[in-house]
Amino acid sequence: MSSSVETRGSDARGGRGGRHNGRSPDMARIVRRETRSTRAGVAIVAAVVVMALAGYGLLEAAVHAIGQPPWLIEPQVAAERLTVLPAGISPLLLGAIGAVLAMVGLVFFLNGVAPGRRARHTLAGGWLESGRPAVVIDDEVIASSLARRARLAANVTPEQVMVVVSQRQVMVNVRPTSGVPVDGDSVLAAVREEVEQMALDPAPEVRINVAPSGVVGA
């Protein structure tokens with residue numbers, strides 16, 4: 001199970017031993033780095049693809065310059081075929097190629113503009129304004145705590161409760177014991193109270209799902 005990460009406002013650079021409070025810009029950058037995912041993987045893939053295409057084009061140009069047969073296709077022939085599209089290719093194949101290229105482009109575009117986030121939340125909301133320490137915790141730890149609260153409220157075993165935590169939602173799935181009904185409103189209220197006490201940022205919406213069929217009690 002992942003453990004929570006607590007980031008306090010001390011001077012990590014070890015300069016004069018100074019101490020920053022929660023309002024420090026360094027603290028905001030640390031929390032942002034701990035809660036957001038990096039774009040390095042997508043950037044590396046894009047760079048490798050561009051480098052491979054550029055290297056192939058340079059190779060074909062060099063082979064053509066010394067009068068050797070091309071590896072795949074001569075650059076001039078490739079340019080001519082591109083200029084006369086869609087002639088010489090079936091519309092179905094051309095549409096499939098266009099769809100694949102559009103999907104790849106959309107993936108890169110969304111990775112470039114959409115905020116990437118890790119499966120983490122910040123606890124103790126308002127730390128930046130109040131100067132309190134910032135605590136970053138994994139969603140798995142949050143789910144474990146909420147599952148325990150839901151289990152106690154529903155009076156079931158740990159195997160009968162599953163909690164899924166995302167950035168904007170907490171889904172609590174409960175399978176009651178056969179013959180023992182579960183008050184979904186009580187469980188929902190208990191989990192909501194726990195979430196409010198945590199003061200998660202971003203604050204997720206709590207939902208509960210009580211299975212219609214129960215399990216045989218031990």
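**View 1. Gln169 and its partner across strands E5 and E6.** In this predicted model, Gln169 sits opposite Glu205, a residue of strand E6. The two strands involved here, E5 (residues 169–174) and E6, run in the parallel sense and are joined over 6 bridges. Follow the pairing along and you come to Met171, whose bridge partner in E6 is Arg207.

**View 2. The hairpin of E4 and E5.** Now shift to the other neighbour of E5. Strands E4 and E5 make a hairpin, with 3 residues sitting between them. Their pairing is antiparallel and covers 5 bridges. Met171 turns up again here: in E5, it is the bridge partner of Val164. So to speak, Met171 has a foot in both camps, with Val164 as one partner and Arg207 in E6 as another.

**View 3. The whole three-stranded sheet.** Step back a little and the strands line up in the order E4-E5-E6, an open sheet of 3 strands with mixed pairing. At the edges are E4 (161–165) and E6 (205–210), each of which pairs on one side only. On average, neighbouring strands in this sheet are turned by 15° against each other, if you ignore direction.

**View 4. Two helices against the sheet.** Helix H6, made of residues 139–154, packs on the sheet and touches both E4 and E5. The direction of H6 makes about 145° with that of E4. Helix H7 (residues 184–198) lies across E5 and E6, and H7 runs at about 150° to E6.

**View 5. A salt bridge from helix to helix.** Here the side chains of Arg149 and Glu193 meet, with 3.0 Å from N to O. Arg149 belongs to helix H6 and Glu193 to helix H7, so this salt bridge links distant parts of the chain, 44 residues apart. The count for the model comes to 3 salt bridges, and the Arg149 and Glu193 pair is one of them.

**View 6. The second largest pocket.** Time for some empty space: the second largest pocket holds about 190 Å³. Which residues line the second largest pocket? They are Ile73, Ala78, Arg81, Leu82, Leu85, Ala87, Gly88, Ile89, Leu94 and Ile97. Sorted by type, the lining comes to 8 nonpolar residues, 1 polar and 1 charged.

**View 7. Helices around that pocket.** Helix H3 (75–83) and helix H4 (91–113) each bring at least two residues to the lining of the second largest pocket. Which element gives the most to this lining? That would be H3, with 3 residues.

Terms used: Residues are numbered from 1 along each chain as its sequence is written. This is a predicted model: local features need pLDDT of at least 70, side-chain atom pairs count only at pLDDT 80 or more; totals for chains, interfaces and linings use all residues. Side-chain values use heavy atoms; hydrogens and water are left out. On a 1 Å grid over the protein atoms alone, a cavity is a set of points where a 1.4 Å probe fits but cannot get out, and a pocket is an open set with protein on both sides within 12 Å along at least five of seven lines; lining residues have an atom within 4 Å of a point. Grid points are joined across faces, edges and corners, and a volume is the space filled by probe spheres set on the points. Helices (H or I, at least four residues) and strands (E, at least two) are DSSP runs, numbered from the N terminus. Ala, Val, Leu, Ile, Met, Phe, Trp, Tyr, Cys and Pro count as nonpolar, Asp, Glu, Lys and Arg as charged, and the others, Gly among them, as polar. Two strands pair if DSSP finds at least two bridges between them. Axes are lines fitted to C-alpha atoms, for helices over the stretch in contact, and angles run from 0 to 180 degrees between N-to-C directions. Contact means heavy atoms within 4.5 Å. A salt bridge is a side-chain nitrogen of Lys or Arg within 4 Å of a carboxyl oxygen of Asp or Glu.
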